[in-house]
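Q: Can you walk me through this one? I have the model open and would like to start with how the helices pack.

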Amino acid sequence: LKMNYLLSYDISNDKVRKKVFDYLLEKGFLRIQNSVFLGEIDTRKIDDILENICLIVDKKEDSIFCVPLNKEDYDNIFNFGKNSDYNLYKDEVFYI
């Protein structure tokens, strides 16, 4: 079962930030702003993804914020500007 997740980070170290950036793209997230990502991720895999990110970042210096979005929340996202034309999700996806 897949669900939408909005993930953002504040990472001070450039190398660590790049590592997390590449990892999120590899796991299926789409970068929608500099440190904000949106992904349709298998609910059984999100905990592992977050755990792996937490192993990379410095808890005292950095922060990770991940919000699950149900279908209604996702449909009500306000999006304006240069990234407003992306269409990440398919209509047939089942949301919980």
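A: Start with the contact between two helices in this predicted model. On the α1 side, Val 16, Lys 19, Val 20, Tyr 23 and Leu 24 meet Asp 48, Ile 49, Asn 52, Ile 53 and Ile 56 of α2.

Q: How do those contact residues divide into nonpolar, polar and charged?
A: The contact of α1 with α2 has 7 nonpolar residues, 1 polar and 2 charged.

Q: At what angle do α1 and α2 pack, and how far apart are the axes?
A: The angle is about 165°, and the axes are 10 Å apart. Helix α1 covers residues 14–26 and helix α2 residues 46–56.

Q: Roughly parallel or roughly antiparallel, then?
A: Roughly antiparallel, because an angle over 145 degrees counts as that.

Q: And is the crossing left-handed or right-handed?
A: The crossing of α1 and α2 is right-handed.

Q: OK, zooming out. What is the order of elements along the chain?
A: From the N terminus on, the elements run β-α-β-β-α-β-α. That comes to 3 helices and 4 strands.

Q: How are the strands ordered in the sheet?
A: The order is β2-β3-β1-β4, in an open sheet with antiparallel pairing.

Q: Which are the edge strands?
A: β2 and β4, the latter at 63–69; each of the two pairs on one side only.

Q: What does the twist average?
A: From one strand to the next, the twist averages 25°.

Q: Which strands does α1 touch?
A: Helix α1 packs on the sheet and touches β1, β2 and β3. The direction of α1 makes about 170° with that of β1.

Q: Remind me what holds strands of a sheet together in general?
A: Strands pair through backbone hydrogen bonds, and the pairing can be parallel or antiparallel.

Q: Back to this sheet. How many bridges are there between β1 and β3?
A: There are 7 bridges between β1, residues 2–10, and β3, and the two strands pair in the antiparallel sense.

Q: I want to check the register. Which residues in β3 stand opposite Met 3, Tyr 5 and Leu 6?
A: Met 3 stands opposite Ile 41, Tyr 5 opposite Gly 39, and Leu 6 opposite Leu 38.

Q: And on the β4 side, how many bridges does β1 have?
A: β1 and β4 pair over 7 bridges, in the antiparallel sense. In that pairing, Asn 4 stands opposite Leu 69 of β4.

Q: What about β2, how many bridges join it to β3?
A: 4 bridges join β2, residues 29–33, to β3, and these strands run antiparallel. A hairpin of 2 residues joins them.

Q: Which residue in β3 is the bridge partner of Phe 29?
A: Gly 39 is the bridge partner of Phe 29. Gly 39 also stands opposite Tyr 5.

Q: How many residues of β3 are buried?
A: 7 of the 7 residues in β3, which spans 36–42, are buried, so the strand is largely enclosed by the rest of the structure.

Q: Which residues lie on each side of β3?
A: Val 36, Leu 38, Glu 40 and Asp 42 are on one side, with Phe 37, Gly 39 and Ile 41 on the other. Both faces are covered.

Q: What share of the chain is buried?
A: Buried residues are 31% of the 96 residues.

Q: Last one: among contacts between residues at least 6 apart in sequence, what share join residues at least 24 apart?
A: The share is 72%.

How values were computed. Residues numbered from 1 in each chain as written. Predicted model: local features only at pLDDT ≥ 70, side-chain atom pairs only at ≥ 80, totals over all residues. Heavy atoms only, no water. Axes fitted to C-alpha atoms, helices over the stretch in contact; angles between N-to-C directions. Parallel < 35°, antiparallel > 145°, perpendicular 65-115°, else oblique. Left-handed = near helix turned anticlockwise from the far one by under 90°. Contact = heavy atoms within 4.5 Å. Nonpolar A, V, L, I, M, F, W, Y, C, P; charged D, E, K, R; others polar. Buried < 20%, exposed > 50% of the residue type's maximum accessible area, 1.4 Å probe, protein only. Pairing = 2+ DSSP bridges.
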